[in-house]
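Open the model in your viewer and keep a selection panel at hand. The tour below moves from one stop to the next, saying at each what to select and what is there.

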Amino acid sequence: MPGLGISFGRGGATTFVQDLQHSDVIVIQGSNMAECHPVAFQWVMEAKARGAKIVHVDPRFTRTSAMADLHVPIRAGSDIVFLGGIIHYILENDKAFKEYVIPYTNAANIIDPRFRDTEELDGFFSGWRADKGEYDEESWRYQGVEEVPAAGHKEVVPKEGGGGPRGKDVKKAPRDETLQHPRCVYQLLRKHYARYTPEKVEEICGVPPKTFLQVCEWLTQNSGRERTGAFCYAVGWTQHTVGVQYIRSAAIIQMLLGNMGRPGGGIMALRGHASIQGSTDIPTLYNLLPGYIPMAHAKQHSLKDYLDVNTAGGGFWSNFPAYFVSLMKAYFGDAVSKDNQWGYPWLPSVTGDHSHMTTVSDMTQGKIKGYFVMGENPVVGSTNGGMQRDGLAKLEWLVVRDLAMIETAEFWRERPECETEVFFFPAAAHTEKDGSFTNTNRLLQWHHKAVEPPGDCKSELDFVYELGKRLKAAYASSTDPKDKPIQALAWNYREIKPGEVDADAVLEEINGKNLVTGKPLSKYGELKDDGTTAAGCWIYVGCRADGVNQPARRKPQREQDWVAREWGWSWPDNRRMLYNRASADPDGKPWSERKRYVYWNGEKWTGFDTADFIPDRPPSYRPGPDDTGVKAISGIDPFIMQVDGKAWLYAPSGLLDGPMPTHYEPEEGVVPNAMYRQECNPRRLEYHLRRNRYHRAFDDPRYPYVLTTYRLTEHHTAGGMSRWLSWLSELMPEMFCEVSHELAAEVGLKNGGWATVTTARAQIECRVLVTGRMRPLRIQGRTVHQIGLPYHWGSTGLVRGDSTNDLIAFVADPNVQIQESKAFTGNIRPGRREQRYRIEPELAELAEPRDLPGLRPYATQPMQHNPEKE
Amino acid sequence: MRTDGRNIDPTLGILSGEGSHQRATGKLEHPTPEPQNDPDSYYGLPMLKAPVWKASIPFYFYVGGLAGASAALSAALQLRGSSKLIRTGRYIAFGGAAVSAALLIEDLGIKKRFIYMMRVFRPSSPMNVGTWILSAFGGAATGALVPGIIGDISAGLAALCGLPLAGYTSVLLSNTAVPIWAEGGTSMPPLFVASAAVSATSVFEALAETKRDLRVVRRLAILAKLSELLTHLTFEKSVSRVPEVAKPLHEGVSGALWQAARVGVGASLALSLWPKAPRAARIAAGVLGTLGAIATRFAVFEAGKASVRDPHATFEWQRA
Amino acid sequence: MSFFRILGEKWPLLRQAQPGDASGLGSSAWTDRSQNLRPRLDGAEVHKSICPYCAVGCGQDVYVRDGRIIDIEGDNDSPISRGRLCPKGAASFQLVTGNHRQKHVLYRKPRGTEWQQLSLEQAMEMVAERVRKTREETWEAKDEKGSPVQRTLGIAHLGGATLDNEENYLLKKLYTALGVIQVENQARI
Amino acid sequence: MKGFFTDTTLCIGCKACEVACKQWNQLPEDGLHLTGMSYDNTGHLGSSTWRHVSFVERPVPLGGTLSNFSWLMMSDVCKHCARAGCLEACPTGAIVRTEFGSVYIQPEICNGCGYCVSACPFGVVDRREDDGRAWKCTLCYDRLKADMKPACAKSCPTESIQFGDLVQLKVKARQRVEELHARGMTEAYLYGEEQEGTGGLNAFFLLADKPEKYNLPPKPEVPTKRAPKSWLSMGAAIAGLAALMLTAAVTP
């Protein structure tokens, strides 16, 4: 989650759901919390009962809105203007919590004189390389420093290495703590958001000034020493071509209001799968190794290059070599040493974007032969289902592991001619295996095996362990250097019974141990870069401290305080609230009794939580001019992962599409960008494929309506875990769309009747709910209708229906390659559909280009696919 | 894939909860009616559950009434001295009791559990009280078939049980949440009793042979039919206090039956009033009277179902 | 039959006659079953678990008898959920015991129109063989610029957000050793 | 005396109660049909649905909020009336009053006479035709025996469904209404906490609109209240008939 990673240093929710009860105002935006996270929502209700104001900003009036003090209907895809408007309000009315902002953020840092803002360049920041279609971030840096390496989101376009750790001199960067310098971050923000006025908010988001200002007032009234506010978001924010910048916008607000690292504050990322946080911490992702350690890049020829690029001059990323070497020891054991560069040369290298959509588009072109799908149902859950099915049909072999016969396993039924071999392996359920999930607030919780898996059902753990054993055997006698890593791979795990791995043994490896004493490690501070420690995921070090399975701790909540530190274990170092050093003022005293959390008691940091700071470093500590690494963290640097210890209002590096959030319209919109001539995010990723036609940027006569997708309480994502269950299916039995009374009248839709929704990619049929919960908005003088589409249904299961994702095109945010499914365009008509797929020819001329002429040459797009021959 | 609506694999999970033995074939019952755009109710859905009883119940109302009244009638005739009709009455009472029991069991969800009706004595439950009445009546009516003094005493008892048997079914109906039945709480009993009298006299009228019997039976038949027509009016008037509630008497199946009942009884009355009517006319009067009596029970029964279907009947009745 | 059951169970009518509940609305009409009713959890083993649906991580108690699950409900001890569950979590019992669950390895051959059953052993062998073969065929030692990449782009993986940390760890570890880099899951946020 | 206090202003309409109930009691699904009634695809309480969440969309705000729309949700359930129509009508003694004050249908006794269905003033009880018996919420009688919360109340994420001792629940409920009034939700009121028609409900509600909106009866009354009158009227009628016959018999 770079949005948070870049701003604060770690890619995870900054607080825990129970803490929401202490908020004085909660803004839920880009999330439908009551529906998608009902049990976590109890803490919002607790806050409400204590008098907190609840705001829900959403295109639809949902079950969350029903509980809110104020629902703000907004046009999908315009949130950056709404949030930018709040930033504008804070800055122009001098509502920022300056005592917090000046010491704890980079507001005072002065930026390179070469920097130019989108306000000056009509939607571009300085450093745009039209030939490459990407930014060179040199001019974004702090003035007078060599480099400002980002912490939370390691470089996605890494440079050649060399020259040792980066950003050693960051601490020397000039700051103006009066915030008056015209090029200090605070002033740059003011300039950048000068035009994000209430009027603009109304013009672009369709939110009347009165409503908008109400939100601003509630937020600012509940900021400062005595009061705090929280933001809750989910994929309603992330799934846009500017997704990361949405979250950045909220981060900026929370920094300015002094809400980070304090009770009732923070940014709660609400995530949709049991261990989705875990699967980024210990990633099944192409660009990362465990603990947010970047994959090797082809540009980094040696271990030195790799370490130089990724080691920061300050903050805890300065210990990068220790984290990496320990990982290699966990992976390869004795087979790696200083002499063979700890096995670095064995690591496969990335050369750019290998994300899901890129992989699938390669698949459709026959570039991929074998595919493993485990516990995911892309045919329903990923955008452009037609492409997904095409891709699967071009494979040589496909392995699907799931509980039930999901669409992805049975895609071939409508393509009997396809050559793909399909293996379906029945999976074991969570009740049939031991293991840990990492929940949305970075909390590891252990689930115990209750019964034996039936028949041939196996856990992924046993499956991959078995597969590994067979492959090691297959390569055992090979002399080919490419097979060395497999031979060297440490692959012996304690078994409970033959073929059944003890998950706890794997957790032991993740936690790591001291290779000299053989003792388990208890915190990541103990990691060494000399090969004497091994740890499979450095941020998880401590989860088996003292050899105890900490995630399995279950001390009842009644028997501990509200933070409940003895329930499970959260990374890092069992900290429940990140950056909690900021809950105390620069002198280490609580900002107020009401918001007391972690504070300096004279010799150490103490309080409700594990301090997110060096335990014994006094507030008064200041680093010497040449101190680097952890030494460089001063007593007033709460953001210890950051190279400069500060929260980043302005991101001098790490983001591909700009240091400050800027409004761009979605790939497919209904109005021109009212802020800049540049219509869309210039750095977005497009996929120009036959099956992936785009509509016009806006004003497409064929697709006049805004479509947005979402989940329902009664179902789970692509339905693999809900559409087979009668107790859930009966509650939401059929695919439907939600439309306003006005649109229903305009198009002739009847409540309960059938409708067909169409895009250039596909058409789907669904039942219609005509409801006052959907309302047309006035945007730039025109009426904009929005259509809501849940996306749970597919062609198998107890209840069946068309899949919304078939409608959506591949187009992505550049930073995380996430699809844009929360705002796109389409059409709707009464009645049922005929054929399912459509390949609508592109209109000869695009009404308006998405990009300023010449600034994003089509053929030279990075990570962009050339059109297929037709 | 829909099996028992729980779809649990017995090798993986055990079903042992309270409802786990609830038999479910998977077919959908009581489907939700089409929602109405009706801001004053919940999408126009009925607020109450419609009575689940089948036609056997209103038909039992008739048969029970017939049997009970017949027992009473035959006993009355006995006071006058010997008559063929006395024995006929006892047969009708006995047969009626048997058929009544059969009809009631027929309507049960689990027939073999009919005996549980006598598990307790619940004065609060007209159905329970009715069961005891019917049982007593059945016993007496059986005894009444025995010749001699035992038979006569039993017949007397049957008459005593027969009268409440003829009327309690109205209390059973009015002791529900169904607006029109509940509203008719005091006006329905006379209607049912009168209707029972019509049922019995109509049959006797048709069967009477001697002039002596005929005179009595006709006199009673005329009075019974008059009072049924009268109680028709009083019932209708009483439930019309809330127009929404009375609706079913004027429209639909129930409305038609309600009219038919009047016509039947009215016509039957006319024939009964015809002095020196030929035997055919007497039989016709009997048939019409019987049909009328049956129609009355079915009309009231159907009216109840209809008044439940309309949420506003319930709302306005309660608000009134 | 039921007639004798009545006699067996003391006839409530007789109980009614005794003082206490003359109306027959209460205790006199209770059956033996009602009086001895207990929740089915009595004497069952309980296993602590976590809800498998969303990322809130609600605690679950899984009740088991004779190796079969009889009930799954919220764990009152959890500081996050305090025993509560949403409809999905509350339906977990059906998720793990439902007859929708597949229990056998299935195989669809090229151009096949139906599944056929395979033994686990045979299927594992076939998959391992295909991984090896594809890796050999698509191995990439250097990229077009001549930099070493040590990888295969012929194999890809999807999924992980619904799996355990330990599982994701082994998956990434094995794929990295194999040179498989196109590994992805739901967590693209 | 145990019971439910369902505070509809806290209900997020998640239907956890419906599923928790079906899961605990292991009831079958009730039809896979989209009704078109907002998010309510259950429709009504029934033989296999002992909790039902109703959804009411209104183009008017809820008192105390600034939104110009409101969405009322209510988890409906058997009211376990202090004087219960179903209980008093049940001829077999299958329906009983338990030691917890709840109304319970003993499934091994019920013979499906169907009287309780018509006798319930709330349209709660229903007979399952393919099963033959009448069914409804048991207030988790089995769980109460072991001092456990009913499944629905336990699962409710926002404590909209509160289970407990009736006396305490009623105190709590009255406080809640005052609190809501103070916050500007002046339309909030208690339904069934006291009610002469049924002598009060052991499952009572806090509502924000008139009962009809939630498909609740405005003035429910236990039918047996009217029984004495009916019996009298019947008595009079049969007396009349008897007299009639006697006179007819004795007059020459």
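Begin by selecting Arg33(C) and Glu18(B), whose side chains meet in a salt bridge with an N to O distance of 3.1 Å; bear in mind throughout that this is a predicted model. Between chain B and chain C the count is two salt bridges, and the residues on the side of chain B that touches chain C divide into 13 nonpolar, eight polar and seven charged.

Next, widen the selection to the whole interface, where 28 residues of chain B are in contact with 32 residues of chain C. The two chains, B and C, bury about 2300 Å² between them, with 52% of that area on carbon and sulfur atoms. Highlight Leu12(B), Ile14(B) and Arg119(B), which supply 31% of the area that chain B buries against chain C, more than any other three residues.

Now move to Leu48(B), which lies in the segment before helix 1 (56–79) of chain B. Is Leu48(B) buried or exposed? Its relative accessibility is 6%, so Leu48(B) counts as buried. Leaving aside neighbours within four places in sequence, Leu48(B) is in contact with residues of two chains, including Ala177(B), Pro179(B), Cys120(D) and Phe122(D).

Finish in chain A by selecting Cys184(A), which is buried with a relative accessible area of 0%. Then select Cys680(A), which also counts as buried, at 0% relative accessibility. Over all chains the count comes to zero disulfides; Cys680(A) is in none, and the nearest cysteine sulfur, that of Cys205(A), is 16 Å away.

Terms used: Residues are numbered from 1 along each chain as its sequence is written. Chains are lettered from A and ligands numbered from 1 in the order in which they are written. This is a predicted model: local features need pLDDT of at least 70, side-chain atom pairs count only at pLDDT 80 or more; totals for chains, interfaces and linings use all residues. Side-chain values use heavy atoms; hydrogens and water are left out. Helices (H or I, at least four residues) and strands (E, at least two) are DSSP runs, numbered from the N terminus. Buried means under 20% relative accessible area, exposed over 50%, partly exposed in between (1.4 Å probe, protein chains only). Contact means heavy atoms within 4.5 Å. A disulfide is a pair of cysteine sulfur atoms within 2.5 Å. Buried area is the accessible area (1.4 Å probe) that two parts lose on being put together, summed over both. A salt bridge is a side-chain nitrogen of Lys or Arg within 4 Å of a carboxyl oxygen of Asp or Glu. Ala, Val, Leu, Ile, Met, Phe, Trp, Tyr, Cys and Pro count as nonpolar, Asp, Glu, Lys and Arg as charged, and the others, Gly among them, as polar.
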